[in-house]
Amino acid sequence: MKVLAVTSEVFPLVKTGGLADVCGALPAALAAEGVSVITLMPGYPPVLTELRDTVVILEIADLFGGPARALRGQAGALDIVAIDAPHLYARAGDPYVGPDGVDWPDNAVRFAGLGRVAAMLAKGALAVDAVHLHDWQAGLAAAYLCQRDEPGPGIVATVHNLAFQGLFGAHMLEALGLTAEQFSPAGLEYHGAISFLKASLIYADRITTVSPTYADEIRTAEGGMGLDGVLRQRGHNVSGILNGIDTDIWDPEIDPAIPVRFGRGKPVRRAANKAALQRHFGLAENGTALLCGVVSRMSWQKGLDLLLEVLPVLRAENMQLALLGSGEPALQAAFSAAAARDPDYVGCLFGYDETVAHLIQAGSDALLVPSRFEPCGLTQLCALRYGSIPLVARVGGLADTVIDANAASLTQGVATGVQFAPVTRPALEQALRRLGMLWRNVPAWRRTQRNGMAMDVSWRGPAAAYARLFRALRA
Ligand code: ADP
């Protein structure tokens, strides 16, 4: 069974978030299920640099304003097809925004190009059984594949974050090669605009999102971001499959990025990593303080403004904070100011840094994820595996992957973390106090930590679920 995955990001080539992690790890897990994945992505400069043993599998004289080639090659164990189209993708830095921090003005054609090549390859040179479209960037592939009434591959669309919909002006319709018939409320029109994400939701055979709870949330008016009606209409074709993490990259027993490696049997060895983390963030080297970590994009979604508001509670509970993030300048400034006021207790680093992310997972006692919504969330999965107890908002995939340490779960010995709801300041404050109580109850803390470390957060189960979905489509 052959599947063409279509995505804008693949770790370690290009990454702005969890989408890249998923697309980097799922192919190997699917291979174990007998599904071979070829991944199509834009030929951003780092992609073309990394690709080995390339062969040209398609040449296009004019792909939205310039010539393009599809180059198939290897990046590590990944079978990649990169679209070499310099007029669309030969730009340094972030894949979506220019150096001025504003979206590239031609993003509509840049990602229509991805969809167009996907449709050509899926029916042509690659002749796959199914295409797997990731997020809005791949969405138009579904619209192009459905333009001709002829048999084609099955289409699965996976929503990693409904907040990003790829909306562009209706005046682009003809230029993008879409038909007037497709531009209707029953098609890819969204209140007068062209919606790349809606195209995938309408034309895909199956829609998945990255956790069962998020699959429920996006079908409600509160969580549907304007697309809940469309999603409800798709009925049983919508489902949630939890993400996993790459347990070769995230393995505390062999992780080259952390000072001291440790396994499930030896979480006490984490103490040296905690000291290293405190030093790295300039915090007081204090073994009794509870060291909280954060690894996050800094945006409204992630609830870090709430975390700012509860810093006094952290301090009162003898909790330190080590935050690694990148995003909204106002939030960064506020956390910088907090760190300047209380450097023994609050430390922050801004930017994107894989090594520090690993150190936080290996050295923090708890990992805070106060997201307002979270399709799946990956950092809490890494935390579970690394023995850092996750404190999470009870939303989306966070609700599905953490078992709250309440009286019942502690008695049964099954707790893995702390949850709070609703996502408000008082609820977060109360959760922090509960985390403090758990910390002071050493046997309960250790048990909770061990439970988390024993959880299967790998791609094995999720990959089997995707494989079943692809096979069901073919049948
Ligand atoms: P999202 O995709 O919404 O950003 P996820 O939790 O699904 O959130 O995935 C985030 C991924 O990006 C994780 O692998 C996390 O470790 C990583 N990450 C986020 N911020 C940073 C950062 N500043 N430095 C390094 N890694 C980061």
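Visitor: In which sense do strand β17 and β18 pair, and over how many bridges?
Guide: Keep in mind that we're looking at a predicted model. β17 covers residues 389–393, and one of the facing pairs is L391 opposite V418 in β18. The sense of the pairing is parallel, and the number of bridges is three.

Visitor: In what order do the six strands of the open sheet run?
Guide: Start from the outside: β15 (346–350) and β18 (418–420) each pair on one side only, which makes them the edge strands. The pairing in this sheet is parallel. Going from one edge to the other, the order is β15-β14-β13-β16-β17-β18.

Visitor: By what angle are neighbouring strands of this sheet turned against each other on average?
Guide: This is an average over neighbouring strands of the sheet, with direction ignored. The angle is 20°.

Visitor: Which strands does helix α12 lie across, and at about what angle does it run to β15?
Guide: Helix α12 takes up residues 329–341. The strands under it are β13 (290–298), β14 (319–327) and β15. With respect to β15, the helix runs at about 145°.

Visitor: Which strands does helix α13 touch as it packs on the sheet?
Guide: Helix α13 spans residues 354–363, and its direction makes about 145° with that of β13. That strand is one of those in contact with the helix; the list is β13, β14, β15 and β16 (366–369).

Visitor: How many of the residues of α13 are buried?
Guide: Buried here means under 20% relative accessible area. V356, A357, H358, L359, I360, Q361, A362 and G363 meet that cut-off. They pack against α9 (270–280), β13, β14, β15, β16 and α14 (379–386). Out of 10 residues in α13, the number buried is eight.

Visitor: What is the bridge partner of V6 in β2?
Guide: Strand β1 (residues 2–6) runs parallel to β2, and five bridges join them. Strand β2 (residues 36–42) is mostly covered, with six of its seven residues buried. The partner of V6 there is L40.

Visitor: How many residues apart in sequence are the parts that R91 and D106 tie together?
Guide: The two side chains form a salt bridge at 2.6 Å, N to O. R91 counts as buried at 16% relative accessibility, whereas D106 is partly exposed at 21%. Both lie in the loop between α3 (86–89) and α4 (107–123), so the salt bridge ties together parts whose separation in sequence is 15 residues.

Visitor: Which helix does R425 lie in, which one holds E309, and how many residues apart in sequence are the parts they tie together?
Guide: R425 and E309 form a salt bridge, with the closest N and O atoms 3.8 Å apart. Both ends are partly exposed: R425 has a relative accessible area of 37%, and E309 has 36%. R425 belongs to α17 (residues 425–440) and E309 to α10 (residues 304–309), so the pair links parts with a sequence separation of 116 residues.

Visitor: Is E285 buried or exposed?
Guide: E285 has a salt bridge with R279, the closest N and O atoms being 3.2 Å apart. Its relative accessible area is 52%, and the cut-off is over 50%. E285 is therefore exposed.

Visitor: How many salt bridges does the rule find across the interface of domain 1 and domain 2?
Guide: The domain assignment gives domain 1 as 2–244 + 459–474 and domain 2 as 267–454. K15 and E354 meet in a salt bridge at 3.4 Å, N to O, and both belong to a network with D21. For the whole model the count is 21 salt bridges, and across this interface the number is one.

Visitor: What area is buried between domain 1 and domain 2?
Guide: The domain centres, taken over C-alpha atoms, are 32 Å apart. Domain 1 puts 19 residues into the contact and domain 2 puts in 16. Carbon and sulfur atoms give 63% of the buried area, which is about 1200 Å².

Visitor: Which residues is E317 in contact with, leaving aside its neighbours within four places in sequence?
Guide: E317 sits in the loop between α11 (311–316) and β14. With 17% relative accessibility, it counts as buried. Beyond its sequence neighbours, its contacts are L432, R433, G436 and R440.

How values were computed: Residues are numbered from 1 along each chain as its sequence is written. This is a predicted model: local features need pLDDT of at least 70, side-chain atom pairs count only at pLDDT 80 or more; totals for chains, interfaces and linings use all residues. Side-chain values use heavy atoms; hydrogens and water are left out. Two strands pair if DSSP finds at least two bridges between them. Helices (H or I, at least four residues) and strands (E, at least two) are DSSP runs, numbered from the N terminus. Axes are lines fitted to C-alpha atoms, for helices over the stretch in contact, and angles run from 0 to 180 degrees between N-to-C directions. Contact means heavy atoms within 4.5 Å. A salt bridge is a side-chain nitrogen of Lys or Arg within 4 Å of a carboxyl oxygen of Asp or Glu. Buried means under 20% relative accessible area, exposed over 50%, partly exposed in between (1.4 Å probe, protein chains only). Domain bounds come from an automatic or database domain assignment. Buried area is the accessible area (1.4 Å probe) that two parts lose on being put together, summed over both.
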